[in-house]
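Subject: Structure handover

Hello,

Here is the structure I promised to pass on to you. Have a look at it first, and then read on for my notes.

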Amino acid sequence: MDHGADGVHMGHHRRPDGVQLAGEYYLLRRRHVYFSRGTGVDVLRSGRIYGIVRRHQASLYRGAILHRAGDRHHCGRHRLRGPYFAIGTLGVAVAAREVAGTIDTIGGGAGISMPFLPLPIEYRSAFFYILCFALAVVAHLVIRWLFSTQFGLAANAIRDDEDKAEAMGIPTLRYKQVGWAIAAFFMGCLGAVFGNMVGYIEPLEVAFPVATFGIFMVAMSLLGGKGTLWGPVLGAISFHIVKETTWTYLLGLQWVVLGLILIVNIVYFQQGIMGWLQAKYPERFGIVVDKSMTAEKGDA
Amino acid sequence: MAENVIEVSNVSKSFGGVKANVDITMAVERGSITGIIGPNGCGKSTLFNSIVGYHPIDAGSIKFENQEISHLRVGDIARLGMLRTFQQTRIYSKMDCVDNMQISVSHRPGSQSTMFASRRGEIRERAEHLLEFVGLYSKRNLISGDLSFGQQKLLEFAMALMNEPKVLLLDEPTAGINPTLINGLIDRLRRANEELGITLCVIEHNMRVIMNLASHIYCLSNGKMLADGKPEALQNDPRVIDAYLGGH
């Protein structure tokens, strides 16, 4: 019973840490930098925004709404762990899409057309590029600060062993809620920008593009290295180099190539670029390795 | 007479048809070192899991500082000041030893302000002091998953101390580690009890360890409380001898 009891009640789970929350939004594409988390409610809610100043206000407002939503309405999902948490998140996104499709004030299922940016057309791309890039930098800095605090340690502890973290009294549910809420805040901000950039949004095709952004962000995060701050950035750049190359030279087979990259990544390269670099050159990342430990290990 | 910090009364727990604990009653005095022994599969770890809230009990009552805790979750009980360590050592294996220690600070105040606190100097200082206490100071910057099993046991113990618990439940703290480390661990357990005032409740199979360490011992067999008393009395109890040496 001794061993069995632990086995039954203390199953070991691993999950991406909070850095991945930050990582999942990087999407570099040509000259534009988008944030995307793929829930899409934020995108839908971003409608009817006029003028540059109003855009900023609305972004923060939507971010705040999603912040509260993340904090208050996802307790049930946050009790899920590992792959079930991911499935639960997808379920919430699908449910949100259906709900969004019934809200007339945001256009319902038909979606809404966004007003044009009151700037000369030649500045349009540059404006959204700068806005998205600035938001990416701000989010990156916030997450960087976040992970220099106790929050960062707690997120990593939850990643390594959530049951242990709970047994040590860490309020894991609250940490996950706050992590989600912070991620949702930035998603909301970006959603407002994205909606205006695209010019037209509706729940089925634009707000929840699972086959594109939904997969891309996961691929970027995995390729760059989950659980690291710079991994998703590197992943986004690498992913888009590969993507643009295949889209250009292997048109027609681009999705096959993308699928292959994902499979190779998941099966043979789980640690991602940053993980590989950390393992290869630990001292450059401040990781101390005791060479004698290899000999000592197992010699308990 | 010292007050009881843990009171377990008539606790029963079954898993399907398996009766893991049957009508268990025991108490742990504040400031004491209490031992729990019994053959493999007798329900010791199930009792631990029941006490710290890993599963609901079928019947009975569990009190911590006179507060009923049998309905509370693991985290809630930990934040009351009762922690446990695991038979199979559990640490945050991808973090270094100091980070393992720093995140193990008590969350009893539980305010959101501590969530975003920087990794303050005094926390790190205490972490390093406790790593020195368990003999891991020289390994403090190593990734904890790279430590040997015995060292991971010591780290888990230090993490528990970092939390400043009132009661610490240790599930076979000496299992799988060599005699040299065992002697050091016994010494540190005693010091934690005497110097830091932490009440200890220890499951242990190593009779030399538990007889030297505990002031009161409970013996379980087949899910039931077989006997309890002072170590010297229990050592000569024919029921205990029979449970360990006969029939199993």
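In helix α12 of chain A, G231(A), L234(A), G235(A) and S238(A) meet G272(A), I273(A) and M274(A) of α14(A). Please keep in mind that this is a predicted model. The two helices, α12(A) at residues 231–249 and α14(A) at residues 272–280, pack with their axes 7 Å apart and at an angle of about 120 degrees. An angle between 115 and 145 degrees falls outside the parallel, perpendicular and antiparallel ranges, so α12(A) and α14(A) are oblique to each other. By class, their contact has four polar residues, three nonpolar ones and no charged ones.

There is a second helix pair in chain A to look at. Helix α7 (residues 121–146) of chain A packs with helix α10 (residues 172–198) of chain A at about 170 degrees, and their axes are 11 Å apart. Angles over 145 degrees count as roughly antiparallel, and α7(A) and α10(A) are therefore roughly antiparallel to each other. From α7(A) the contact takes F128(A), L131(A), C132(A), L135(A) and A139(A), while α10(A) brings F186(A), C189(A), L190(A), V193(A) and M197(A). The residues of this contact divide into ten nonpolar, no polar and no charged.

How far can you lean on chain A? Its pLDDT averages 73, with 68% of the residues scoring at least 70. Within chain A, confidence is highest in α7(A), at 92, and lowest in strand β1 (residues 26–29), at a mean of 32. Residues 1–59 of chain A have a pLDDT below 50, although this stretch has 176 contacts in the model beyond near neighbours in sequence. Over residues 70–74 of chain A the pLDDT also stays under 50, and here the model has nine contacts beyond four places in sequence.

Now to chain B. Its mean pLDDT is 89, and 95% of its residues reach 70 or more. Chain B has ten helices and ten strands. The radius of gyration of chain B is 18 Å, close to the 18 Å that the globule rule gives for 248 residues, so chain B is as compact as a globular protein of that length. Along the principal axes, the C-alpha atoms of chain B fill a box of roughly 55 × 40 × 40 Å.

The domain assignment splits chain B into domain 1 (1–81 + 166–248) and domain 2 (91–164). The C-alpha centres of these two domains of chain B lie 25 Å apart. Where they touch, 13 residues of domain 1 of chain B are in contact with 13 residues of domain 2 of chain B. On the domain 1 side, helix α7 (residues 179–195) of chain B gives the largest share, five residues. That side has seven nonpolar, four polar and two charged residues.

Finally, the two chains together. For the complex, the predictor gives an ipTM of 0.87 and a pTM of 0.75. Which parts of chain B give two or more residues to the side that touches chain A? They are α1 (44–51), α2 (74–80), β6 (82–85), α3 (97–102), α4 (112–115) and α6 (149–162) of chain B. In total, 51 residues of chain B are in contact with 34 residues of chain A. The chain B side of this contact divides into 24 polar, 18 nonpolar and nine charged residues.

Over to you now, and happy browsing!

Best wishes

Definitions and conventions:
Residues numbered from 1 in each chain as written. Chains lettered and ligands numbered in written order. Predicted model: local features only at pLDDT ≥ 70, side-chain atom pairs only at ≥ 80, totals over all residues. Axes fitted to C-alpha atoms, helices over the stretch in contact; angles between N-to-C directions. Helix = DSSP H or I, 4+ residues; strand = E, 2+ residues; numbered from the N terminus. Parallel < 35°, antiparallel > 145°, perpendicular 65-115°, else oblique. Contact = placed C-beta atoms within 7 Å. Nonpolar A, V, L, I, M, F, W, Y, C, P; charged D, E, K, R; others polar. pLDDT = per-residue confidence, 0-100. Domains from an automatic or database assignment. Rg over C-alpha atoms; globule rule 2.2 N^0.38 Å.
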